[in-house]
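User: Got a minute to go through a structure with me? I'd like to talk about the ligand first and then some helix packing.

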Amino acid sequence: MQLLKINDTTRRPYIAIIGGSNFLRKAPALHLLASQCDGLFLVGKLSFQIMNGLGIPVSSCLIEKNATKEVLQLIEIAHNRNIPIYYPTDLWCLNSNNNEQLEIFDSAELLSGLISLGWTPVDIGPSTLERISSLLSSYKKILWIGPTSFDLTEEFSVGATQLGQILNKASHNSCDIILVGGAACKAVKGMSDSSSQYTASENESIVWEFLKGRILPGIAALDKSYPYQIPWDDVFSDTTQPLFVDIGSGNGLFLFQMARNWEGLNFLGLEMNEKLVVRCLQDVASAGKRNLYFLSTNATSTFRSIVSSYPGQLTLVSIQCPNPDFNKEQNRWRMVRRMLVEAVADLLQVNGKRSIYSRTWSLSCLE
Ligand SMILES: C[S@@+](CC[C@H](N)C(=O)[O-])C[C@H]1O[C@@H](n2cnc3c(N)ncnc32)[C@H](O)[C@@H]1O
């Protein structure tokens, strides 16, 4: 699967249907989706967090502790971009006193009181599915990631099956559809035909990590010999443009300024702090920049394999203030190690520039 298809916002409006649980762990990725999409529909356990954040009373046993700040951030991003966040209006519920008894309840009614009477939500209800179905007709791109059900077992997958049918219909209206995770892929499997436009990946966790802006540790461990498959055509609008790489790009302000001033160059920030990368990617998406991108990675070991696949020329590399505590002996060569210097020297075009700045130190040995 081309992971960057998820980040590509050329087809709009774009909606993400997001299920599953664990809001806190997924928060950076959810924030990124909120900054890229034109609508979010939360299903699965994640929807309880959102309902709670929007002021709907939700029983505390359904709420993830410590996620309040991240939930409110998501709501704020959506609010600032004026995009809707939808959540289930009704739910299939199971009575724990009688395993055979399944009933549909209004979400608000259930989440505030009925839990204490032994009812447990298991899947999204028919009104919710109808709502999704009517909404989807106005979207040109749909991402479905994570299960719709609440107990995360295969047992009650009515919602997933019906959502699969809704998406299959949408695919016939030339809507781009990306399916991520076992539930989404399984629900649509067998329904697709030649007119369908699915991109599918069963491996949900890889996609969540990607959305957090991370190069996966397993891949990074393979280090400099690993051939990174960066889909450059999705990252930059014109991959024939020369590339400028900033290593340890931090908050990205330098590259943002450069990318604004130099439209004829492409800019790539390599930064190991994942949170900073997610924030930068959000800003890239909201600014609609197509000559700027950020990756979360340890550039010391991955620079070579990332940059060597770039179709155009590497024209400039900068490393600015690599270590804030540079004066400490043990940190001195943390980032700028031999393997990085050699990779930069090998890949930089003839007459290309390398520059390193440090507030405490300046280096000219690379020139
Ligand atoms: C002192 S900050 C400077 C940030 C920015 N270049 C500036 O001048 O404002 C150093 C940055 O380098 C990042 N960094 C350190 N080692 C790195 C590595 N091996 N690969 C990628 N980023 C790294 C740190 O996470 C940090 O954000």
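Analyst: Here's a quick walk through the ligand site, two helix pairs and one loop residue. This is a predicted model, so to speak of local features we need pLDDT of at least 70, and side-chain atom pairs count only at pLDDT 80 or more, while totals for chains, interfaces and linings use all residues. Residues are numbered from 1 along each chain as its sequence is written, and side-chain values use heavy atoms, with hydrogens and water left out.

User: Which of the 15 residues around the ligand come nearest?

Analyst: Gly248, Glu271, Asn298, Ala299 and Gln320. Being around the ligand takes a heavy atom within 4 Å of it.

User: What does Glu271 do there, in terms of distance to an oxygen atom of the ligand?

Analyst: A polar side-chain atom of Glu271 sits 2.5 Å from that oxygen. On the nitrogen side, a backbone N or O atom of Gly248 is 2.8 Å from a ligand nitrogen, and Thr300 has a polar side-chain atom 3.0 Å from a nitrogen of the ligand.

User: How much of the ligand's accessible area does the protein cover?

Analyst: 81% of the 600 Å² that the ligand has on its own (Shrake-Rupley method, 1.4 Å probe).

User: And which elements give two or more residues to the shell?

Analyst: Strand E11 (266-271) and helix H14 (299-308). Those labels are DSSP runs numbered from the N terminus: helices are H or I with at least four residues, strands E with at least two.

User: Switching topic: how do H2 and H4 pack?

Analyst: Their axes come within 9 Å and cross at roughly 5°; axes are lines fitted to C-alpha atoms over the stretch in contact, with angles from 0 to 180 degrees between N-to-C directions. The two are therefore roughly parallel (angles under 35 degrees count as that, over 145 as roughly antiparallel, 65 to 115 as roughly perpendicular, and the rest as oblique).

User: What about H3 and H4?

Analyst: Helix H3 (residues 46-53) packs on helix H4 (residues 68-81) at about 75°, axes 9 Å apart. That makes H3 roughly perpendicular to H4. Gln49, Ile50 and Gly53 of H3 meet Val71, Leu72, Leu74 and Ile75 of H4, contact meaning heavy atoms within 4.5 Å.

User: Last one: where's Asp38?

Analyst: In the loop between helix H2 (23-36) and strand E2 (39-42). Leaving aside neighbours within four places in sequence, Asp38 is in contact with several residues, among them Arg81, Ile83 and Tyr139.

Methods:
Polar contact = N/O pair within 3.5 Å; in protein donor to acceptor, adjacent residues only side chain to side chain.
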